[in-house]
Amino acid sequence: METPQRPRPRLNLPSGLDESSLRLDMPFSPITRTTTTSPSPSKKTTYSDRFIPCRTSSRLQAFSLVDKPSPVKEGGNDAYSRLLRSELLGEDLGGLVRSPSGGNGGKASPMSPNKNLFRFKTEHESPGSGFSHSVSGHDGGVSGEAWTPPKVPRKIAKTPHKVLDAPSLQDDFYLNLVDWSSQNVLAVGLGTCVYLWTASTSKVTKLCDLGPSDSICSVQWTREGSYLAIGTSLGDIQIWDGTHCKRIRNMGGHRTRTGVLAWSSCILASGSRDKNILQHDIRVSNDYIGRLVGHKSEVCGLKWSHDDRELASGGNDNQLLVWNQQSQQPVLRLTEHTAAVKAIAWSPHQHGLLASGGGTADRCIRFWNTANGHQLNCVDTDSQVCNLAWCKNVNELVSTHGYSQNQIMVWKYPSMGKVATLTGHTMRVLYLASSPDGQTIVTGAGDETLRFWNIFPSVKTPAPGRDTGMWSLGRTHIR
């Protein structure tokens, strides 16, 4: 019987050593086999018993493992969430309670498993990146706030949409010859006459003529827009019915020209070259009911606050005074300006916020808190400040200027960033008035022109521009 042939060993082993004595200890890592694909020993291909994706491109760092409260279910569902975790996960209720002050570092108990596994986290964009990966702008879960694109800067036309010729419009810094009523009628003092221009129809009406011995120094509508006060070079103040073109009152009191007027609800304040401020009440027979003495030179700026409690006055003595109805002496005496203070404006958006502008030697717009007399800000405009006016629709203001640039500037408050700079007048822009809707201003200068500018948005929509509508382009005459 033939004996079976012993199989040949698959390994070349030394004599006295067989395969049964060999043992190979397998590691826990998967079996790998290396195949050399090139002469270089650094290039290897690794095979595994299961597929594992390349983690260098999976961005696992973008997944947050931090337990954060849901922005939608805050407060009301805390008890229910703790009970549900206890029932489903067998957790201790006490271990999941958070302190109101964010105790334990704002994290759950160390024994509780993380419930926000693989919740996607917003990556922090690199400083050089121009794109944002976060819709809400916050790190963490998705927020309920919608992303809003940045606001496009409002476009303001650089040219006036209408120009009126105004012959004999005086080039005098201390006069106030233009005012726009709440009934959309513009009053302009030209020499010895006052003309009314109705914006809705462009109709021009001659209201009065003072004759060769007198001249117009100031005009001011009542807040209702029915009556017009006129200050004259002789120091008188006339009250006219603008609808019927009829004079209803003449009041004296000043010894020389009355260059500025300001109406409250029922009191008319007048400032004169005689350094005095008179208060008139047309409901009584007396020419005036009070005299305010504080300035050392001509009074050229007057404005009542919107609540009628305070009156601000500016003079050629470089002083800005604030008065109230309880005292015959100023409650504030502000002396930081270094030139005449004609430009005065109260903010319609913030109580007690007053803006003032100085003349050629000062050139600054200053902001004041009249509650304590503190100066809030000072901006050097590099030009004589002739007028200031706040917009009632948005928190912006406009200033007109004289020497040396004769420009009109629109400012954003409180940053005082320049929204627009408008030019066109060839002489000092001494006169300024705002339309009843707050969107249009009219400016006047010694170049004997009135220019209308659309600079402010409407109350509802900050539209980039407005149609001139009934106002045709071109140049016409005010008289």
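**Entry 1: L234**

I started at L234, which sits in the loop between β11 and β12 (237-241); helices (H or I, at least four residues) and strands (E, at least two) are DSSP runs, numbered from the N terminus. This is a predicted model, where I accept local features at pLDDT of at least 70 and side-chain atom pairs only at pLDDT 80 or more, while totals for chains, interfaces and linings use all residues. Residues are numbered from 1 along each chain as its sequence is written, and side-chain values use heavy atoms, with hydrogens and water left out.

Is L234 buried, partly exposed or exposed? L234 counts as partly exposed because its relative accessibility is 47%; buried means under 20% relative accessible area, exposed over 50%, partly exposed in between, with a 1.4 Å probe and protein chains only.

I then listed what L234 touches, taking contact as heavy atoms within 4.5 Å. Leaving aside neighbours within four places in sequence, L234 is in contact with S213, D214, H254, R255 and T256. For R255 I also noted the spacing: 21 residues from L234 in sequence, and 7.2 Å from C-alpha to C-alpha.

**Entry 2: I230 and the core**

Next I went to I230. With neighbours within four places in sequence set aside, its contacts include V194, L207, I216, V219, I237, W240 and L261. Polar names turn up too, among them S218, D236 and Q238.

I230 also appears in the largest nonpolar core, which has 37 residues. Such a core is a set of buried Ala, Val, Leu, Ile, Met, Phe, Trp, Tyr and Cys residues joined through side-chain atoms within 4.5 Å. Which members touch the most others? I found L186, V194, L228, I230 and L450. Elements giving two or more residues to this core include β7 (185-190), β8 (193-198), β11 (227-232) and β32 (449-454).

**Entry 3: a four-stranded sheet**

I traced an open sheet in the order β14-β15-β16-β17, with antiparallel pairing. Two strands pair if DSSP finds at least two bridges between them. The edges are β14 (258-263) and β17 (290-293), each pairing on one side only. On average, neighbouring strands here are turned by 20° against each other, direction ignored; axes are lines fitted to C-alpha atoms, for helices over the stretch in contact, and angles run from 0 to 180 degrees between N-to-C directions.

Inside the sheet, I saw four bridges joining β15 (residues 268-272) to the antiparallel β16 (residues 276-280). One bridge partner I wrote down: G271 has I277 in β16.

**Entry 4: β27, β28 and β29**

Strand β28 (residues 408-412) is mostly covered, with four of its five residues buried. How many bridges link β28 to β27 (residues 396-401)? I read five, in the antiparallel sense, with S399 opposite M409. β28 also pairs with β29 (residues 417-422) over five antiparallel bridges, and there V410 faces A420.

The turns repaid a look. As a reminder to myself, most residues other than glycine have a negative phi, and most peptide bonds are trans. The β27-β28 hairpin has six residues between its strands, and N406 takes a positive phi near 55°. S404 lies in that loop, and the Y403 to S404 peptide bond is cis, omega near 10°. The β28-β29 hairpin has four residues between its strands, with M416 at a positive phi of about 60°. P414 is in the loop between β28 and β29, and the bond from Y413 to P414 is cis, omega near 5°.

**Entry 5: two more positive phi values**

N318, in the loop between β19 (310-315) and β20 (320-324), has a positive phi near 70°. N318 counts as partly exposed because its relative accessibility is 24%. R363 also has a positive phi, about 65°, and lies in the loop between β23 (353-358) and β24 (364-369). At 32% relative accessibility, R363 counts as partly exposed too.

**Entry 6: whole chain and the record**

I closed with totals. The protein chain has one helix and 33 strands, and buried residues make up 43% of its 479 residues.

UniProt (unreviewed entry) places "repeat: WD" at residues 292-333 and 422-455; its positions are given in the numbering used here, feature names are shortened, and annotations may be inferred rather than shown by experiment. Over residues 422-455 I found 0% helix and 56% strand, with the end C-alpha atoms 10 Å apart.
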